[in-house]
Amino acid sequence: MTAIPIDPTTRLLVLTGAGVSAESGLDTFRGNGGMWEGMRAQDVATPEAFGLDPAKVWRFYSARRKAALAAAPNAAHIALARAGERMGERMLLVTQNVDGLHERAGQRNVVRLHGSLWVTRCSRCTHSRHDIEAYEGVPLCAKCGSAERPDIVWFGEMLDPDGDEAIWRFMHQQSGDLKFLAIGTSGVVYPAAAYVEFAKANGAETWLANLEGGAANVRSFDHVVTGPAATTVPLLLGQA
Ligand code: BV8
Ligand code: ZN
């Protein structure tokens with residue numbers, strides 16, 4: 001496997017998915033039959049599910065908070081943070097993950113496409129807070145008394161426009177050659193799964209690094225590297 005050619009004019013857009021945190025011990029979204037902590041994502045990661053049974057949704061996210069608190073960044077997160085140190089503005093890391101492991105590895109200006117496990121916000125007013133608590137019941141907003149929810153983007157919900165804007169801006173910058181690297185993602189969830197096509201439309205050379213070759217959008221990539229991210233990512237970034 002050869003490293004991604006990175007020179008002083010290279011701009012590197014990285015998209016990560018659940019697979020980058022697998023070697024930190026966290027469940028992937030479609031691993032073990034698409035079950036997360038014993039529940040089906042569609043039954044717990046939608047606004048309808050929250051409306052129907054907020055306590056069940058909180059049990060699901062509380063279990064993921066506990067697992068993520070016990071997890072540590074792995075060599076893939078660390079190599080990406082090192083590359084970010086080296087490249088500064090010329091690298092943008094976009095993650096579908098909500099576990100915060102990129103930030104804990106020292107990655108700066110992470111675009112968190114699907115929100116954060118570590119923020120609890122009111123389902124009605126704008127009150128939100130950093131939170132690592134696990135809940136059996138449903139926490140209530142200190143400001144208005146309404147049910148609080150994890151600050152997570154569920155299926156059928158819009159992504160934060162600022163994140164989208166940062167990605168577009170990065171891809172459209174004329175200076176330098178754009179390279180796109182997707183790591184540990186099955187390429188099923190939109191709009192993240194479409195970024196490889198947008199990057200190609202902006203002239204990017206593209207890489208997919210997944211445990212096995214399968215991803216719904218695998219044919220969009222110029223290079224497909226298979227293996228565990230903690231091994232492949234340091235090699236791809238010329239750090240192994
Ligand atoms: C939106 C919450 C506008 C956070 C998540 C029909 C067609 C196309 C699109 C749609 C459609 N119907 C609806 C849509 C839009 C929908 C969507 O894409 N649905 C899909 C399922 C068809 N998208 C949305 O709703 C998005 N919003 O579009 O707004 C809109 C509004 C209304 C109506 C329409 C449009 C919101 C999407 C965000 C949903 N929230 N999660 C959380 O709880 O975590 S998505 C969920 O999937 C997770 O965030 C997860 O990160 C994400 C993607 O999964 P992956 O990260 O790829 O993980 P996965 O397990 O699938 O794959 C892991 C990969 O890693 C595998 O390939 C595996 O091989 C590999 N791997 C494993 N171990 C390793 C490894 N690789 C390397 N090393 C290893 N060790
Ligand atoms: Zn409130």
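These are my notebook entries on a few things I looked up in this predicted model.

**Cysteines**

I started with the sulfurs. My search of the whole structure for disulfides came back with zero. I then checked how accessible two of the cysteines are. Cysteine 125 has a relative accessible area of 27%, so I put it down as partly exposed. Cysteine 144 comes out at 38%, so partly exposed goes next to that one too.

**Helices H4 and H8**

Next up was a helix pair. Two packed helices are described by the angle between their axes and the distance between the axes, so I looked up both values. For H4 (residues 75–87) and H8 (residues 229–236), the angle is about 20° and the axes are 7 Å apart. Anything under 35 degrees counts as roughly parallel, and therefore I logged H4 and H8 as roughly parallel to each other. I also noted the hand: H4 and H8 make a left-handed crossing.

Which residues make the contact between H4 and H8? On the H4 side I listed Ala75, Ala76, Ala79 and Leu80. On the H8 side I have Ala229, Ala230, Val233 and Pro234. Sorting the contact of H4 with H8 by class gave me eight nonpolar residues, no polar ones and no charged ones.

**Valine 196**

Is valine 196 buried or exposed? I found its place in helix H7, which covers residues 195–201. Its relative accessibility is 2%, and the cut-off for buried is under 20%, so valine 196 goes down as buried. I then pulled its contacts, skipping neighbours within four places in sequence. That left Phe180, Thr206, Asn217, Ser220 and Phe221 in contact with valine 196. I also took one C-alpha separation: valine 196 and glycine 176 are 20 residues apart along the chain, and their C-alpha atoms are 18 Å apart.

**Alanine 3**

My last entry is at the start of the chain. Alanine 3 sits in the segment before strand E1, which spans 10–16. Its relative accessibility is 37%, between the 20% and 50% cut-offs, so alanine 3 counts as partly exposed.

What does alanine 3 contact once neighbours within four places in sequence are left aside? I get Leu235, Leu236 and Gly238. Of these, I noted that Leu235 and Leu236 fall within the residue range of H8, 229–236. For a C-alpha separation I paired alanine 3 with glutamine 42: they are 39 residues apart along the chain, with 37 Å between their C-alpha atoms.

Notes
Residues are numbered from 1 along each chain as its sequence is written. Chains are lettered from A and ligands numbered from 1 in the order in which they are written. This is a predicted model: local features need pLDDT of at least 70, side-chain atom pairs count only at pLDDT 80 or more; totals for chains, interfaces and linings use all residues. Side-chain values use heavy atoms; hydrogens and water are left out. A disulfide is a pair of cysteine sulfur atoms within 2.5 Å. Buried means under 20% relative accessible area, exposed over 50%, partly exposed in between (1.4 Å probe, protein chains only). Axes are lines fitted to C-alpha atoms, for helices over the stretch in contact, and angles run from 0 to 180 degrees between N-to-C directions. Helices (H or I, at least four residues) and strands (E, at least two) are DSSP runs, numbered from the N terminus. Angles under 35 degrees count as roughly parallel, over 145 as roughly antiparallel, 65 to 115 as roughly perpendicular and the rest as oblique. A crossing is left-handed if the near helix is turned anticlockwise from the far one by less than a right angle, and right-handed if clockwise. Contact means heavy atoms within 4.5 Å. Ala, Val, Leu, Ile, Met, Phe, Trp, Tyr, Cys and Pro count as nonpolar, Asp, Glu, Lys and Arg as charged, and the others, Gly among them, as polar.
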